[in-house]
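Work through the exercises below with the sequence and the model open. Each task is followed by a stepwise solution.

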Amino acid sequence: MGMKLFYLKVLLLFLSELRLTSQRHLPSLDNPQRHDEPASNHLTDDDVEDIHGTDVTRQIEEMFRSHSYELSIKPSNKEKPVKVGISLMIESITDISEKNMDLTFTLCIHENWRDERLKFSSDVRNSIVLPSRLVQKIWVPDIYIVGSKNSFIHETTVENAILRLYNDGNITYNIKLTTTVACQMSLHNFPLDTENCSLTIQSLGYNYEELLLEWMMPNHDALFMSPQLVKNMPKFRLVSQHYRNNNVTKPDVTTLKEAKVSQVQINFIFRRYLLSVFFQSYFLGMSMVVLAGLGMWLDPRSVPARVTISVTSVLTMSTIINGLKTSLPKVSYLTAMDIYLWICFLFIFATVLEFCVFNHFMTKQKLRKSFFSDSKRSSSTNDNENGLFLPNGNISAEECKTCRRCKLAIGKDDLTSQNKNHDFLQCQQPPVTEEQKPKEKFEKFRGRRRSKSILLKLLKRIKLKKMDVYFRIGYFTLFLIFNGVYWHYYIRVAYEV
């Protein structure tokens, strides 16, 4: 009995639901529907009233539905160019690279123009921020950043592109992006250089008769969102910035003619910080030059010590030069830092040459002293053994002049006065034997010495110790003079003193 009551209740619920459904779809008796009535009276999705929108959004959406606004046509301005005001808000300037010759900006671009087709009437508000789905249906200027290598629009937390529409047709379009812009740097005075980098904005397809860009910056000091972010750049210091409006000529690919394009440009003057580069390059070069100079105070007889210091300084200096060149672009000219480091390299290399020359003369002097000591020892031995000799033949005067014993026995004046008309001299000494003749090496040495220049003769007259001292004094004196001339010139050029 209970199961029958349960099934009866389910059946009654099903019949009642079926009755309600039939009443919704069947026409009422008071207003019967004709079968020949057109189906356009039925409500569609576009005719449904947007209960969440406002009166302004309904007007704009109705304009797009009726196709009264054409996206591809620029706003009309009575046959005058559409004026687009540009203003910037720079958040940061980072990654100023000499190697890639570019710099990175993070900025907001504010564009302002007038489009009378987008006027609307409202008693409540005079502007509205359009949603992103409607921004893509509105004409916006086709501007781009000249020389941009890489750019992207920020999307945290939404896409950072906002369009505000005013009731009189004025439009403000704000967009936040990060762009890397090329900057052709002149590195002749590096690292005492001052660079001029520009940020240029122009139209991609319209000429200056159709689209005119203008700066809309009443206060130039408001260019940066936070001045501390610009002042705290690691390599450069911002000196100044300048605004310019230009009409540049560029070739038109479609008409194969030249066309003028309107652009706005802002130039940034950067000056490099010298202190960090000084300790990375100049200080190391100075240290190597001083270290190589101090090696000249070592004992010249300690050849391994002096050679080790000189060669190590040369290799270290070449490593410093190669390491610093990797952080710079491969330019076809010498920078100021290259000139300084290569001259330091020449100073260090001069110490190696000085030691080679000094060691050469010192070796020759030792050989000469050892020869004369052997010659004196042999002559004294012959005198003791042989005593005085009777005349024993004729020798020429030239041979006698080269004989030390004859010169001691007969003076030079006697030789010339007694034998003016004679070819030979009666020598009171016996003929010089092979043992008493000068050594062959010393004879060659004397012949080479006669043929040397005056400069080498003067160097031989100077004692080796004095020559070494003079070179030390001249070495450090010339290096100090070079530093004074170098820094005086480049500081005047860099700071325009």
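## Exercise 1: a leucine at the surface

Leu-5 counts as partly exposed, at 46% relative accessibility. The model is a predicted one.

**Task.** Place Leu-5 in its helix, then find the nonpolar surface patch that Leu-5 helps to make.

**Solution.**
1. Leu-5 sits in helix α1, residues 2–25.
2. Its relative accessibility is 46%; buried requires under 20% and exposed over 50%, so Leu-5 falls in between.
3. Leu-5 joins Leu-8, Leu-11, Leu-12 and Leu-15 in a nonpolar surface patch.
4. That patch covers about 470 Å².

## Exercise 2: the largest nonpolar core

**Task.** Which residues of the largest nonpolar core touch the most other members?

**Solution.**
1. The core holds 87 residues.
2. Leu-88, Phe-268 and Phe-270 touch the most other members.
3. Helix α7, residues 336–386, gives the most to this core: 8 residues.
4. Now take Leu-88 and set aside its neighbours within four places in sequence. Its contacts then include Leu-107, Ile-109, Leu-199, Trp-215, Met-217 and Ile-266.

## Exercise 3: two polar residues in strands

**Task.** Are Asp-102 and Gln-265 buried or exposed? List what surrounds them.

**Solution.**
1. Asp-102 belongs to strand β2, residues 102–114.
2. The relative accessible area of Asp-102 is 9%, and the limit for buried is under 20%, so Asp-102 is buried.
3. The Asp-102 side chain makes a polar contact with the side chain of Lys-149, at 3.2 Å.
4. Beyond four places in sequence, Asp-102 also contacts residues including Asp-95, Ser-97, Thr-180, Ala-182 and Met-185.
5. Gln-265 lies in strand β11, residues 257–272.
6. Gln-265 has a relative accessible area of 11%, and is therefore buried as well.
7. With neighbours within four places left aside, Gln-265 contacts Ser-198, Leu-199, Thr-200, Trp-215, His-242, Tyr-243, Arg-244 and Asn-246.

## Exercise 4: salt bridges

**Task.** How many salt bridges does the structure hold? For three pairs, give the closest N and O distance and the accessibility of each partner.

**Solution.**
1. The structure holds 10 salt bridges.
2. Begin with Arg-114 and Asp-168, whose closest N and O atoms are 3.9 Å apart. The pair links distant parts of the chain, 54 residues apart. Arg-114 is in strand β2, and Asp-168 is in the loop between β6 and β7.
3. Both partners are partly exposed: Arg-114 at 36%, Asp-168 at 30%.
4. Next, Asp-115 pairs with Arg-117 at 3.0 Å. Asp-115 is buried, with a relative accessible area of 1%. Arg-117 is partly exposed, at 27%.
5. Last, Glu-354 pairs with Arg-306 at 3.3 Å. Glu-354 is in helix α7 and Arg-306 in helix α6, residues 303–325. This pair also links distant parts of the chain, at 48 residues apart.
6. Glu-354 has 8% relative accessibility, and Arg-306 has 3%. Under 20% counts as buried, so Glu-354 and Arg-306 are both buried.

## Exercise 5: a network

**Task.** Which residues are linked in a network of salt bridges?

**Solution.**
1. The acidic members are Glu-98 and Asp-193.
2. The basic members are Lys-235 and Arg-272.
3. Salt bridges link these residues in a network.

Key. Residues numbered from 1 in each chain as written. Predicted model: local features only at pLDDT ≥ 70, side-chain atom pairs only at ≥ 80, totals over all residues. Heavy atoms only, no water. Core = buried A, V, L, I, M, F, W, Y, C linked by side-chain atoms within 4.5 Å. Buried < 20%, exposed > 50% of the residue type's maximum accessible area, 1.4 Å probe, protein only. Helix = DSSP H or I, 4+ residues; strand = E, 2+ residues; numbered from the N terminus. Contact = heavy atoms within 4.5 Å. Polar contact = N/O pair within 3.5 Å; in protein donor to acceptor, adjacent residues only side chain to side chain. Patch = residues over 30% accessible without salt bridge, like charges linked within 9 Å, V, L, I, M, F, W, Y side chains within 5 Å. Areas by Shrake-Rupley, 256 points an atom, 1.4 Å probe, with all protein chains shown as cover. Salt bridge = Lys/Arg side-chain N within 4 Å of Asp/Glu carboxyl O.
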